[in-house]
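Here are my notes for your first read-through. Keep the viewer open and take the points in order.

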Amino acid sequence: MTVAILIKNTQFLEKSQRLAESIKQPLVESITDDYHYYLVYSSAGLTLESNIDDGFKPLLIDFTHGKTAQRLQQASIRKEAIAKAFSLHKGKRPYILDCTAGLGRDAMLLAKLGCRVDMIERSPIVHALLADALERAREEPNTMELTKQVQLYHDDAQSYFEKHPNTHYDAIYLDPMFPEKKKCALAQKEMQLFKKLVGADLDAHLIFAACQNHYKDRLVIKRPRLAPLLAQQPSYQLSGKANRFDIYLTAS
Ligand SMILES: C[S@@+](CC[C@H](N)C(=O)[O-])C[C@H]1O[C@@H](n2cnc3c(N)ncnc32)[C@H](O)[C@@H]1O
């Protein structure tokens, strides 16, 4: 899969140059058949556009307007299944490491529910889209405070644990891409593009092994409802319509 940074508007030339350098992808001024995808800056933010399929909706992460923003605004511990999975309640707001940040929706939801969240994303493109969304959210009065609770790292989760052998979080979260028909909370077309971009996370079991001594309370894994376990039998499971949370508690 080939990606280039496309300059559509020279107002964003410097930003585009910085991005091209940091993710080591070419900077181009027009669309050609040489690239499958283009990353484009506009006043709306950084967008991933497909050059190979007209049916794909351009991918832009936005925590300030639209569906995700609305979901964040309305989120409450009582309503969100993820709150139950982390056993959130008044007075319990754990410090969480999200090892599979993706589009950052779960991490931001946890932040909205009061948690402090560090997130790791290994795909340079997804990381760039998410970093840009957080930068925009930092400038909006409604989301500014929320962004202070989150920290994004560009890394692979396994190498993150190697670099931080003594790091301990209250809880760790994994939501790896499932190979087939994963129905996560993304619009279908966005999901297809996202899947093409990052592929199936077939090494997710390795994060499970790597994170073992790094959480004090629990590890939560999100899976499609009927998917096989990623590892051993969890302490308990919470199932919803499309997804399931496998929860591994530390022995107390
Ligand atoms: C299904 S998505 C996560 C969606 C996310 N929970 C959300 O709410 O948007 C999985 C993401 O994890 C990332 N990922 C998978 N394995 C990883 C690893 N070992 N280290 C860091 N990121 C990883 C993938 O690149 C992908 O962006």
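1. Start at the ligand. One of its oxygen atoms is 3.3 Å from a polar backbone atom of R105. G104 also takes part: a backbone N or O atom of this residue lies 3.3 Å from an oxygen atom of the ligand. Remember that this is a predicted model.

2. Now look at a side chain. An N or O atom in the side chain of E121 is 2.6 Å from an oxygen atom of the ligand. On its own, the ligand has 610 Å² of accessible area, and the protein covers 98% of that.

3. Which elements give two or more residues to the shell around the ligand? They are α4, β6 and α8, the last spanning 188–198. There are 21 residues around the ligand. Those that come nearest are L103, D106, E121, A157 and D175.

4. Next, find T100. This residue sits in the loop between β5 and α4. Is T100 buried or exposed? Its relative accessibility is 15%, and the cut-off for buried is under 20%, so T100 counts as buried.

5. Stay with T100 and check its surroundings. Its side chain reaches the backbone nitrogen of D175 at 2.6 Å. Leaving out residues up to four places away in sequence, T100 touches I120, E121, Y173, L174, D175, P176 and I207. Two of these names have come up already: E121 and D175 are among the residues that come nearest to the ligand.

6. Step back to the sheet. It is open and has seven strands. The order is β7-β6-β5-β8-β9-β11-β10, and the pairing is mixed. Why is one side of β7 and of β10 left without a neighbour in the sheet? Both β7 (150–154) and β10 (236–239) stand at the edges with a single partner strand each, so one side of each has no neighbour there. From one strand to the next, the twist averages 20°.

7. Pick out one strand pair. β5 covers residues 95–98, and β8 covers residues 169–174. They pair in the parallel sense, over three bridges. Look for D98: its bridge partner in β8 is Y173. Y173 is also one of the residues that T100 touches.

8. Finish with two helices. Helix α4 (residues 105–112) lies across β5, β6, β7, β8 and β9. Its direction runs at about 170° to β6 (116–121). Helix α5 (residues 124–139) packs on the sheet as well, touching β6 and β7. The direction of α5 makes about 155° with that of β7.

Notes
Residues are numbered from 1 along each chain as its sequence is written. This is a predicted model: local features need pLDDT of at least 70, side-chain atom pairs count only at pLDDT 80 or more; totals for chains, interfaces and linings use all residues. Side-chain values use heavy atoms; hydrogens and water are left out. Two strands pair if DSSP finds at least two bridges between them. Helices (H or I, at least four residues) and strands (E, at least two) are DSSP runs, numbered from the N terminus. Axes are lines fitted to C-alpha atoms, for helices over the stretch in contact, and angles run from 0 to 180 degrees between N-to-C directions. Contact means heavy atoms within 4.5 Å. Buried means under 20% relative accessible area, exposed over 50%, partly exposed in between (1.4 Å probe, protein chains only). A polar contact is a pair of N or O atoms within 3.5 Å; within protein, one must be able to donate a hydrogen and the other to accept it, and residues adjacent in sequence count only if both atoms are side-chain atoms. A residue is near a molecule or strand if one of its heavy atoms lies within 4 Å of it. Accessible areas come from the Shrake-Rupley method with a 1.4 Å probe; for residues, only the protein chains shown count as cover.
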